[in-house]
Amino acid sequence: MTTLDQLRRYTTVVADTGDFSILKRFAPQDGTTNPSHILNAAKQAQFKSIIDDAARHGKSISSAIDAQVEAALLHLLVGFGSQILNCIPGRVSTEVDAVHSFDAQKTVEMARQIVHLYEGLGISKARILIKIASTWEGFQACRILEAEGIHCNMTLIFSMVQAKLAAEAGATIISPFVGRSMDWWQKNFPGRDYSGVKDPGVQLVTDIFHYYTACDIKTEIMAASLRNIDECVHLAGVGFMTINTALLEELQTADYPVRQRLVAGTGARDISRSQYLTDEPSFRFDLFNDAMAVDKISESLRIFLKDGAELKKILQEAILS
């Protein structure tokens with residue numbers, strides 16, 4: 001068996017890409033997207049029809065260019081998401097524009113619009129995960145949306161503090177970032193041994209896994225930002241892994257042995273229950289004290305903002321052409 005086939009015995013494999021044309025090669029259960037993935041796909045000539053369709057939709061909504069671009073962006077996200085769903089049996093994660101990461105009400109509004117667009121295509125909201133940045137405001141939006149039956153994937157998780165609040169907010173799934181966590185530690189504390197279970201990103205996911213299982217928390221965990229086979233192998237047993245296509249290729253051709261590493265009840269971890277949902281100062285203070293989380297949340301959001309702005313520029317040019 002390939003390493004990918006072995007991994008599937010313990011973990012649900014999710015494809016992390018906006019390019020739906022290659023999904024059948026890997027047969028993932030679910031798919032995830034983010035602004036960077038959609039931007040990369042939007043630049044490919046083979047997807048020009050989706051850009052043009054989104055631009056036409058934007059023009060039909062308003063005469064104001066800003067409103068046109070916003071409507072076109074939502075239509076584009078759903079356009080790619082619906083094509084991904086045609087290639088997989090499960091769910092797709094569609095991300096709310098990062099510019100709304102600190103506006104709970106706008107996040108809720110955008111999420112509802114995304115779901116409405118999917119439903120207009122005959123796609124049930126049961127197959128949609130609304131991807132939201134794990135800020136204080138993002139978690140408040142998550143609480144509202146989950147109460148309405150709209151399922152949320154809380155992304156940019158870099159700390160146990162965020163994972164605890166996600167559980168309180170009733171998030172369907174969280175995406176802790178493995179590789180980007182490792183990046184911070186390698187940059188700030190170079191020369192250490194970060195192999196195997198010593199990988200800080202692997203440790204983060206492992207700690208969250210043991211906390212969730214010890215507290216019987218229903219929120220699912222999807223390890224994200226995976227960079228290599230070693231990280232995947234050492235997280236076998238986590239509920240989900242969202243894996244980029246280059247790494248899926250490696251896993252599909254490798255024969256590295258895989259055994260279940262994460263097993264409920266095997267870790268002595270912190271199981272103190274938080275009450276962050278009603279205590280914003282405590283959440284912000286505890287998150288502030290996690291330097292890695294603060295740095296990487298900010299850095300990652302800036303990347304998504306930059307790529308989102310470039311994507312909107314492409315849409316604006318298509319609208320005006």
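The buried residues of helix 2 (buried meaning under 20% relative accessible area, exposed over 50% and partly exposed in between, with a 1.4 Å probe and protein chains only) are Pro35, Ser36, His37, Ile38, Leu39, Ala41 and Ala42. Helix 2 spans residues 35-42, and 7 of its 8 residues are buried; helices (H or I, at least four residues) and strands (E, at least two) are DSSP runs numbered from the N terminus. This is a predicted model in which local features need pLDDT of at least 70 and side-chain atom pairs pLDDT 80 or more, whereas totals for chains, interfaces and linings use all residues. Residues are numbered from 1 along each chain as its sequence is written, and side-chain values use heavy atoms, without hydrogens and water.

The buried residues of helix 2 pack against several elements, including strand 1 (12-16), helix 4 (65-85) and helix 13 (291-320), where contact means heavy atoms within 4.5 Å. At the N-terminal end of helix 2, asparagine 34 acts as a cap, with a side-chain oxygen 2.9 Å from the backbone nitrogen of serine 36.

Salt bridges, in which a side-chain nitrogen of Lys or Arg lies within 4 Å of a carboxyl oxygen of Asp or Glu, number 17 in the whole structure. One of them joins the side chains of glutamate 310 and lysine 43 (2.9 Å, N to O). This pair links distant parts of the chain: glutamate 310 lies in helix 13 and lysine 43 in the loop between helix 2 and helix 3, 267 residues apart. Glutamate 310 has a relative accessible area of 28% and is therefore partly exposed. Elsewhere, Asp30, Arg91 and Glu220 are linked in a salt-bridge network.

Notes: A polar contact is a pair of N or O atoms within 3.5 Å; within protein, one must be able to donate a hydrogen and the other to accept it, and residues adjacent in sequence count only if both atoms are side-chain atoms.
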